[in-house]
Structure formats: structure tokens, C-alpha cells
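Open the model in your viewer and keep the selection panel at hand. The stops below say what to select next and what is there.

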Amino acid sequence: MANILITGGSRGIGKALVEHLAQEAQNKLLIISRTSLTTQAHNVKCLSFDLMQIHQQEEYLYQQVSDYFDAIDILINNAGLLINKNFEAITFDEAYRMAYLNYMAPAWLIRTLLPLLKRATHPHVVNISSMGGFQGSSKYKGLSWYSSSKAALASITECMAVEFAPYNIAVNCLALGAVNTEMLQQAFPGYQAPIEPAQMARFIANFAKSAHEVMNGKIIPIALSNP
Ligand SMILES: NC(=O)c1ccc[n+]([C@@H]2O[C@H](COP(=O)([O-])OP(=O)(O)OC[C@H]3O[C@@H](n4cnc5c(N)ncnc54)[C@H](OP(=O)(O)O)[C@@H]3O)[C@@H](O)[C@H]2O)c1
């Protein structure tokens with residue numbers, strides 16, 4: 001049995017991940033997003049929570065999660081925000097929201113839930129980053145603030161893997177290429193990505209379940225092309 005926490009499970013890749021992982025009856029899933037996911041699955045619980053508030057509500061969040069899980073085997077930091085705007089057109093609030101949701105919130109969520117991760121035998125944290133934040137990838141106008149927030153998430157993955165080694169907690173990061181979701185359609189109307197959420201979710205789910213047996217602290221590009 002695996003206790004699995006997924007952020008941003010209400011739509012897109014996160015929702016597809018929940019649908020995939022809930023098929024295995026031995027999994028117990030907790031979803032964090034602002035909107036609750038409507039599901040018939042008996043092994044899925046939704047916690048409506050705004051991750052932009054995590055620094056003010058970490059004790060509440062810990063309480064909610066620990067009421068459901070005595071330990072966390074898999075944590076997938078999937079919630080994210082993309083605002084496609086040129087470097088100089090962005091407002092401070094927009095830049096801040098991306099930096100916070102894409103970098104600070106997942107890092108602080110891990111910090112908040114560390115006691116529950118420590119109780120698992122060999123837990124795996126998977127941080128969902130982007131090809132835009134992958135060193136040496138092609139860069140695009142309008143994505144400076146988004147890509148750099150995702151690069152920060154990738155970088156802290158490497159650092160956390162070292163810090164958590166004594167607890168046998170593995171932390172890896174997936175730098176995803178384009179996937180057909182609401183986020184992509186809002187940012188790039190009309191663009192058709194080569195990957196559907198269910199395909200990417202299948203890969204992420206299998207990675208989350210077993211990749212930490214052979215890797216830790218890695219940042220892995222997951223793309224058919226660049227991006
Ligand atoms: N789609 C792509 O092409 C692509 C490429 C590379 C990387 N990624 C990354 O993959 C992840 C999933 O992307 P996606 O395309 O599936 O995005 P999406 O369709 O926009 O879904 C984002 C999810 O994050 C949740 N979320 C947003 N703000 C939140 C907040 N303040 N508190 C809690 N949850 C929040 C949303 O739920 P609520 O609105 O209900 O809160 C939603 O479930 C993101 O980290 C994204 O950066 C996506």
C-alpha cells in the first residue's frame with residue numbers, strides 16, 4: 001500500500017495522475033488544490049487548499065494531512081502557474097505568484113510534511129519542473145519568470161536529496177516538455193502539444209513508484225523535442 005499526495009490534482013496532468021494512480025486499490029491518495037476534484041474513487045480524498053497561503057497555514061495543513069496519512073510514501077509536487085508575458089511587461093504580483101507557486105510552495109510543502117516523509121521506509125518526492133527551467137534548453141520570450149522559477153525548483157531538488165539522504169528520502173525532478181492542458185492552451189492558444197495528460201501521467205506515476213530505487217537528486221528532461 002502506498003500513501004500518495006499530489007498537488008494540483010483538479011485538472012490537467014495532476015488530474016490524469018490521480019485517475020491513473022487511483023486505479024490501484026492499494027493506493028491511498030490525497031489531492032491538494034483550490035478546486036476539489038469530483039471523483040467516485042473510494043481511495044481519493046481532496047483537500048481544498050490554496051498553496052499560495054502555505055507560509056501562513058502550515059500547521060493547519062500538517063494537521064489535515066496527518067489526519068489522513070500516518071506516513072507519506074510518494075509526494076508529487078505538480079501544482080504550478082504559467083503567465084506568458086515578456087520580462088519587462090510582467091507585474092511584480094505576477095512574477096511573485098509564479099516564484100511562490102512554482103518554487104517556494106513545493107519547497108515549503110516538503111519542509112512542512114517532512115515528519116510524515118521520515119516515517120515512510122523509502123519515500124519518493126517528485127518535483128514537476130519544466131523544460132524551460134532545464135539548463136541548456138531553448139529559451140522563449142515570455143517565459144523568463146516561469147522558467148527561472150522552475151529552474152529554482154530543479155536546483156533545490158539536488159540540494160534536498162543531499163540533506164535528506166540520512167532519512168532515506170529520495171527527491172527527483174522531472175522537467176516536462178509541452179503537454180496538452182488548460183495551462184498550455186491559456187499560455188499558447190491554438191498550440192497542439194504532442195503529448196496528452198494521460199500519457200504524461202502514466203510516465204510520472206511509474207517514475208514516482210520506482211525510479212528512486214536507482215536514482216536520487218536528479219533533474220530529468222521528459223520531452224519528445226525541445227520544448
Ligand atoms: N502543460 C505543459 O505543457 C507543462 C509543461 C511543462 C511543465 N508543466 C508543469 O506541470 C504541472 C501541471 O501542469 P498542467 O499543465 O496540468 O497545469 P494546469 O492545467 O494549469 O493545472 C494546474 C493545477 O495546479 C493547481 N493550482 C494552481 N494554483 C494553485 C494554488 N494556488 N493552490 C493549489 N493548487 C493550485 C490547479 O488547481 P486549482 O486551480 O483548483 O487550484 C490545477 O490542478 C505544472 O507544475 C506545470 O508547470 C506543464
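This tour of a predicted model goes from the sheet to the helices packed on it, then to salt bridges and cysteines.

**The sheet**

Start in cartoon view with the strands. Seven of them form an open sheet in the order β3-β2-β1-β4-β5-β6-β7, and the pairing is parallel. Select residues 44-48 and 219-222 to mark the edges: these are β3 and β7, and each pairs on one side only. Now look along the sheet for its twist. Neighbouring strands are turned against each other by 20 degrees on average, with direction ignored.

Next, isolate β1 and β2. Six bridges connect this pair, in the parallel sense. For a reference point within the pair, select Asn-3, which stands opposite Lys-28 in β2.

**Helices on the sheet**

Add residues 58-68, helix α2. This helix packs on the sheet and touches β1, β2 and β3. The direction of α2 makes about 170 degrees with that of β3.

Then add residues 92-118, helix α3. Helix α3 also packs on the sheet, where its contacts are β1, β2, β4 (74-77) and β5 (124-130). Here the angle to take is the one with β4, and the direction of α3 makes about 170 degrees with that of β4.

**Salt bridges**

Switch to sticks for the charged side chains. How many salt bridges does the structure hold? There are four, and three of the stops below are among them.

Select Arg-11 and Glu-182. Their closest N and O atoms are 3.4 Å apart, and the two form a salt bridge. The pair links distant parts of the chain: Arg-11 lies in the loop between β1 (2-7) and α1 (12-22), while Glu-182 is in helix α5 (residues 182-187), 171 residues apart. Colour by accessibility and Arg-11 comes out partly exposed, at 43% relative accessible area. Glu-182 is also partly exposed, at 44%.

Move on to Glu-24 and Lys-209, a salt bridge with closest N and O atoms 2.6 Å apart. Which parts of the chain does this pair link? Glu-24 sits in the loop between α1 and β2 (27-33), and Lys-209 in helix α6 (residues 197-210), 185 residues apart. Relative accessibility is 23% for Glu-24, which counts as partly exposed. Lys-209, at 29%, counts as partly exposed as well.

The next selection is Lys-85 with Glu-94. Their side chains meet in a salt bridge of 3.0 Å, N to O. Is each partner buried or partly exposed? Lys-85 is partly exposed, with 29% relative accessibility, whereas Glu-94 is buried, with a relative accessible area of 15%.

**Cysteines**

Finish by selecting Cys-159 and Cys-173 and showing their sulfur atoms. A search of the whole structure for disulfides finds zero. Why is Cys-159 not bonded to Cys-173? The closest cysteine sulfur to that of Cys-159 is in Cys-173, 12 Å away, which is too far for a bond, because a disulfide needs the two sulfur atoms within 2.5 Å. Seen from the other side, Cys-173 is in no disulfide, and its nearest cysteine sulfur is that of Cys-159.

Keep the accessibility colouring on for these two residues. Cys-159 is partly exposed, at 42% relative accessibility. Cys-173 is buried, with a relative accessible area of 0%.

Technical notes: Residues are numbered from 1 along each chain as its sequence is written. This is a predicted model: local features need pLDDT of at least 70, side-chain atom pairs count only at pLDDT 80 or more; totals for chains, interfaces and linings use all residues. Side-chain values use heavy atoms; hydrogens and water are left out. Helices (H or I, at least four residues) and strands (E, at least two) are DSSP runs, numbered from the N terminus. Buried means under 20% relative accessible area, exposed over 50%, partly exposed in between (1.4 Å probe, protein chains only). Two strands pair if DSSP finds at least two bridges between them. Axes are lines fitted to C-alpha atoms, for helices over the stretch in contact, and angles run from 0 to 180 degrees between N-to-C directions. Contact means heavy atoms within 4.5 Å.
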